[in-house]
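Biologist: I am new to this structure and would like to see one part of it closely. Please choose a single element, describe its surroundings with care, and set it within the whole.

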2 protein chains.
Amino acid sequence: MSIIDGRAISSELRASIAAEIKELKAQDLSFAPRLVIIQVGDRPDSSTYVKMKLKSCQEVGIDGSLQKLPDDVSEADLLARISELNEDASVHGILVQLPLPAHLDEERITNAVKQEKDIDGFSELNLAAIFKKNAAAKFIPCTPKGIMYLLKHEQVEITGKNVVVCGRSDIVGGPLSKLLEKAGGTVTVVHSKTSPEQLKFYCSNADIIVSAVGRANFITGDLVKQGCVIIDVGTNYVPDATRKSGQRMCGDVDFASCKEKASKITPVPGGVGPMTVAMVLDNLLESAKRSKKA
Amino acid sequence: MSIIDGRAISSELRASIAAEIKELKAQDLSFAPRLVIIQVGDRPDSSTYVKMKLKSCQEVGIDGSLQKLPDDVSEADLLARISELNEDASVHGILVQLPLPAHLDEERITNAVKQEKDIDGFSELNLAAIFKKNAAAKFIPCTPKGIMYLLKHEQVEITGKNVVVCGRSDIVGGPLSKLLEKAGGTVTVVHSKTSPEQLKFYCSNADIIVSAVGRANFITGDLVKQGCVIIDVGTNYVPDATRKSGQRMCGDVDFASCKEKASKITPVPGGVGPMTVAMVLDNLLESAKRSKKA
């Protein structure tokens, strides 16, 4: 069994992004990849993610900045801000940090970001391209893209393999299942309506299992087959008296029992998470390069 | 075993569409649902489909008309024609008969139809809405919609059931698998990269099998479990010396061996086919009613 070291792979990728940006800047003094994050309100978890993204930007030479808006900003004002950034040619990517306060229509806001700057890949047109057979999405959403990168990095064969994706969200399960299908996998999407017996039926036959349901211990060793590859997208918190905080972070996968059977497995933390941040940078660089060509 | 009689169910539905249109016309003399079909060139199969659609329109009180364009029409001219029809408030639905000659970009043409008039449901925005969890598509593509209608009509439970969709096309397999997933099914999409052993693994566990791969005898009785529901979307032609034409139409499913095990099964012809045409009318009526409200 080998543990897929998302931290190391992400760090390698970020180093190569940094090197490429450095080179592009050397070739063209006007090359200045720029990301703007819009954060509405002060959710502490959102602030943590934003800070992490900005720090990563800085490390690779991307000009990342935060535009904070008050908790009670009107939808019209937020849309106006997005529209300004859409028009600003110096901006290559716009991230609206989710979740938004309840009075704002997340759907409408997400779709307002110009497709060329939607490096999260959440807008409808981007998703549509992922789901269409021969269409190329402008941006692949960061978590699914990070997972596909990990599988490729680890030389995991997908064509003709049995794949189980647990969870059917628009951000992870939906697009990821389609990407895996396009890569030739036979994909089953299991979800809250799938019975435990069926879950076992599918998992025990799966060559690759990706879990993104947000439930600790959802995938246990008895469900999976010897030699499978397990990707854990979950971030859950469980009580842990040995920790100062009284809790610890864990994924959807019971690591202890699954690692005995898996050929490769991602840990939580340190698996998929670091890849997601790297893909924000990767998408932003892609966008900046495209706008340079245009 | 019961045979799902698509002809009878379609005919019932078309009668109810006709009755509704009659009533709406009686209430409002200006109510005049109108469909325009654009056909490029003279493919005989396309001409047959177009004729069938126009005849069905007439039967239910929809003003259906055909605009024929020469085989060598330029993309610009075709787009201009679509744009005119997009602007024409008297038109509620625009169908561009596919396939188009090779010099025309099907993707671009399909996306040019205004979402509000895209009763085929093939435009990117429509597809995106099908694939997003909580978004409502303006129109469900006719074949998947017809299949969902058949399953509902036959009171086939989907929630928590194991579903196999064979084929991953943008027109049938892709959207249908998502509709079945949204309805609570645990869906596996099998396709050309799925091995025969895997196909058997999934099919022998399936409560519902939908086949849309376009290969005669793709699903045989030995693959399926007792009591399953089988929906056959295939239209294939196989040699048949007893027929004048020397061939006969058949589906993807070996009807003789499968009907022994299925609880319900659609025949070909007379299963899914007639539903697709009915759904063109259904979507057109929906569009006309929406434009009345607007």
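Modeller: In chain A, 69% of the contacts with a separation of 6 or more are made by residues 24 or more positions apart, where contact means heavy atoms within 4.5 Å. This is a predicted model, in which local features need pLDDT of at least 70 and side-chain atom pairs count only at pLDDT 80 or more, while totals for chains, interfaces and linings use all residues. Residues are numbered from 1 along each chain as its sequence is written, chains are lettered from A and ligands numbered from 1 in the order in which they are written, and side-chain values use heavy atoms, with hydrogens and water left out.

Before the close look, the overall frame is useful. Chain A has 10 helices and 11 strands, which are DSSP runs numbered from the N terminus (helices, H or I, of at least four residues; strands, E, of at least two). Of its 294 residues, 53% are buried, a word that here means under 20% relative accessible area, with exposed over 50% and partly exposed in between (1.4 Å probe, protein chains only). Along the principal axes, the C-alpha atoms of chain A fill a box of roughly 55 × 40 × 40 Å.

The two chains are related by a rotation of 180° with 0.0 Å of shift along its axis, which superposes chain A on chain B with an RMSD of 0.0 Å. That is the relation of a two-fold axis. The superposition is by least squares on the C-alpha atoms of residues with pLDDT of at least 70 in both copies. The copies meet through the same surface, because 100% of the interface residues of chain A are also interface residues in chain B.

The part I have chosen is helix H8 of chain B, residues 196-203, in which B:Gln198, B:Leu199, B:Tyr202 and B:Cys203 are buried. These buried residues lie on the same side of H8(B), because they cover an arc of only 125° around the axis, the arc being that of the directions from the helix axis to the C-beta atoms. On the face of H8(B) turned away from that buried side sit the exposed residues B:Pro196 and B:Glu197.

What do the buried residues of H8(B) pack against? Within chain B, their partners are strand E5 (162-166), strand E6 (186-190) and strand E7 (208-211). From chain A, they pack against strand E5 (162-166), strand E6 (186-190) and helix H8 (196-203). The buried side of H8(B) thus has partners in both chains.

Some places elsewhere give a contrast in backbone and exposure. In chain B, B:Gln155 is found in the loop between helix H6 (142-153) and E5, and its phi is near 50°, a positive value in a residue other than glycine. B:Gln155 counts as exposed because its relative accessibility is 73%. In chain A, A:Asn217 belongs to the loop between strand E7 (208-211) and strand E8 (229-232), and its phi, near 60°, is likewise positive in a residue other than glycine. At 47% relative accessibility, A:Asn217 counts as partly exposed.

Chain A also holds cis peptide bonds. One of them runs from A:Leu98 to A:Pro99, with omega near 0°, and A:Pro99 is in the loop between strand E4 (93-96) and helix H4 (106-112). Another runs from A:Val268 to A:Pro269, with omega near -5°.
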